[in-house]
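Here is a short tour of one protein chain. Keep the sequence and the 3D view open while reading.

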Amino acid sequence: MDFSAVIVAAGSGQRAGPGDAKQWRSLRGRAVARWSLEALLAAGARDVVVVIAEGDEAVGLEAFAGLQGWRLAVGGATRDRSVVAGLEALAAPPDEIVLVHDAARPLVEARHIAALLAALEEADGALPGLPVADTIKRAGPELAGGSRRVTATVERAGLWRAQTPQAFRAGFLAAAYEAWPSEDSPTDDAAVVERAGGRVVVTPGDPRLLKLTYPEDFAMAELLAGGATITRIGQGFDAHRFGPGDGVWLCGVLIAHDRTLIGHSDADAGLHALTDALLGAIGEGDIGDHFPPSDPRWKGAASSVFLAHAADLIAARGGRVINVDVTLICERPKIKPHREAMRARLAELLRLPLDRISVKATTTEAMGFTGREEGLAAQAVASVEMPS
């Protein structure tokens, strides 16, 4: 059965915590919104319009690179205005089925779509839903300390949690939105069709169709999307000699010093060791294989480029970095005053929480080349979770 789709991806996702809007964050190496687009295209969508916020054109093109059969449209200030913008961009025939889907529900599958298409043969609208299993309370305003007083217990019999995608005939949905009061903002598309007199039915929902709203939802989605995984460990080591200069780069932080480190790039031994640890965890050789010192492109390059490349290789294979541990070996410069800045920079580069980043320092008690302050060394260990 032919159908088209509108994916609503224009929200700011403020409740999801700091960082990119939730639809553009990575889930197992792919943007959250890409999961939905891939699923709809694989299920046979004739055309898909992805509605984005103004200014998100570049991030959308990057997120969906390599896919065919989709277009971008700029949405409005509210979800319903974004849906209308998507319908207008779609320009589907009135009798064509259109699925409207929230980009923040990335785990939609072909079976969900098939159930909706079948249900629409005898209805004006169809949506997946889950019966409410928890006791439902109505509560009053927030009190001191964040609690709320319960004002009523709501009868849960007959209550369902609405999910997306939701399916409709394009003409009926467009007309229903045109008749919707401009001062109100519906929370889903089925409500618009219901108000217009349409018959809406519920198909079996799925807990996997969870909506990513809060930071903890992403952890659940990672588990649901991942399947069987394996944890892999990589280790790296690097050393550079000192030469004339006035500062050294270590773990992405510039430290004032009476000498500098000599190397083809910025000679950041900490980032070099960590890059090798990530590459080692996925069996991708070492930093020299990917960025040969004989290549003039990398002369003086920031080593953050190398680390980002290794992290991107992991993400492209559906993996994720779990934690990293870097040890810097030198007499001088003193590392402790800069350690937290290094941790913060690594957390930024790898998009990891700070508690998954460790930076330590030690000396060799005046022994060897580091003890004589001829240079310094770094070693790193990284754990990476990969599909098995």
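## Loops, helices and a pocket

Pro 333 sits in the loop between β17 and α11. The peptide bond that joins Arg 332 to Pro 333 is cis, with omega about 0°. A cis bond also runs from Thr 164 to Pro 165, where omega is near 10°. Pro 165 belongs to the loop between β10 (160-162) and β11 (166-169). Most residues other than glycine have a negative phi, and most peptide bonds are trans.

This is a predicted model. The protein chain has 388 residues, and 48% of them count as buried. Its secondary structure comes to 12 helices and 19 strands. The C-alpha atoms fill a box of roughly 85 × 50 × 40 Å along the principal axes. Among contacts between residues at least 6 apart in sequence, 70% join residues at least 24 apart.

**Helix α11**

Helix α11 covers residues 339-350. At 1.5 Å a residue, its 12 residues should span 16 Å, and the end C-alpha atoms are 16 Å apart, so the two agree. Which residues of α11 are buried? They are Met 342, Arg 343, Leu 346, Ala 347 and Leu 350. These cover an arc of only 135° around the axis, which means that they lie on the same side of α11. An α-helix has 3.6 residues a turn, so residues three or four places apart point the same way. The buried residues of α11 pack against β14 (247-250), β15 (253-256), α8 (269-281), α10 (304-316), β17 (320-329) and β18 (357-362).

**Helix α3**

Helix α3 covers residues 79-90. Its 12 residues should span 16 Å at 1.5 Å a residue, and the distance between its end C-alpha atoms, 16 Å, agrees. The buried residues of α3 include Asp 80, Val 83, Val 84, Leu 87 and Leu 90. Among the elements that cover the buried residues of α3 are β1 (3-9), β4 (48-52), α5 (170-179) and α6 (189-195).

Arg 79 lies in α3. Is Arg 79 partly exposed or buried? Arg 79 is partly exposed, with a relative accessible area of 21%; buried would need a value under 20%. Leaving aside residues up to four places away in sequence, Arg 79 touches Val 8, Val 100, Asp 102, Tyr 177, Thr 187, Asp 188 and Asp 189. Arg 79 and Ser 185 are 106 residues apart in sequence, yet 7.9 Å apart in space, C-alpha to C-alpha.

**Positive phi values**

Ala 91, just after α3, takes a positive phi of about 50°. Two other residues with a positive phi are set out below.

| Residue | Phi | Loop | Relative accessible area |
|---|---|---|---|
| Arg 351 | near 55° | between α11 and β18 | 68% |
| Glu 365 | near 55° | between β18 and α12 (368-371) | 64% |

Arg 351 is exposed, and Glu 365 is exposed too.

**The largest pocket**

Arg 351 returns here. The largest pocket has a volume of about 1400 Å³. How many residues line the largest pocket? There are 35, of which Arg 25, Ser 26, Glu 222, Leu 350 and Arg 351 lie nearest its centre. The lining divides into 20 nonpolar, 4 polar and 11 charged residues. β3 (30-31), α2 (57-63), α7 (215-226), α10, β17 and α11 each supply at least two residues of this lining. α10 gives the most, with 6 residues.

Key: Residues are numbered from 1 along each chain as its sequence is written. This is a predicted model: local features need pLDDT of at least 70, side-chain atom pairs count only at pLDDT 80 or more; totals for chains, interfaces and linings use all residues. Side-chain values use heavy atoms; hydrogens and water are left out. Helices (H or I, at least four residues) and strands (E, at least two) are DSSP runs, numbered from the N terminus. The expected span of a helix is 1.5 Å times one less than its number of residues. Buried means under 20% relative accessible area, exposed over 50%, partly exposed in between (1.4 Å probe, protein chains only). The arc is that of the directions from the helix axis to the C-beta atoms. Contact means heavy atoms within 4.5 Å. On a 1 Å grid over the protein atoms alone, a cavity is a set of points where a 1.4 Å probe fits but cannot get out, and a pocket is an open set with protein on both sides within 12 Å along at least five of seven lines; lining residues have an atom within 4 Å of a point. Grid points are joined across faces, edges and corners, and a volume is the space filled by probe spheres set on the points. Ala, Val, Leu, Ile, Met, Phe, Trp, Tyr, Cys and Pro count as nonpolar, Asp, Glu, Lys and Arg as charged, and the others, Gly among them, as polar.
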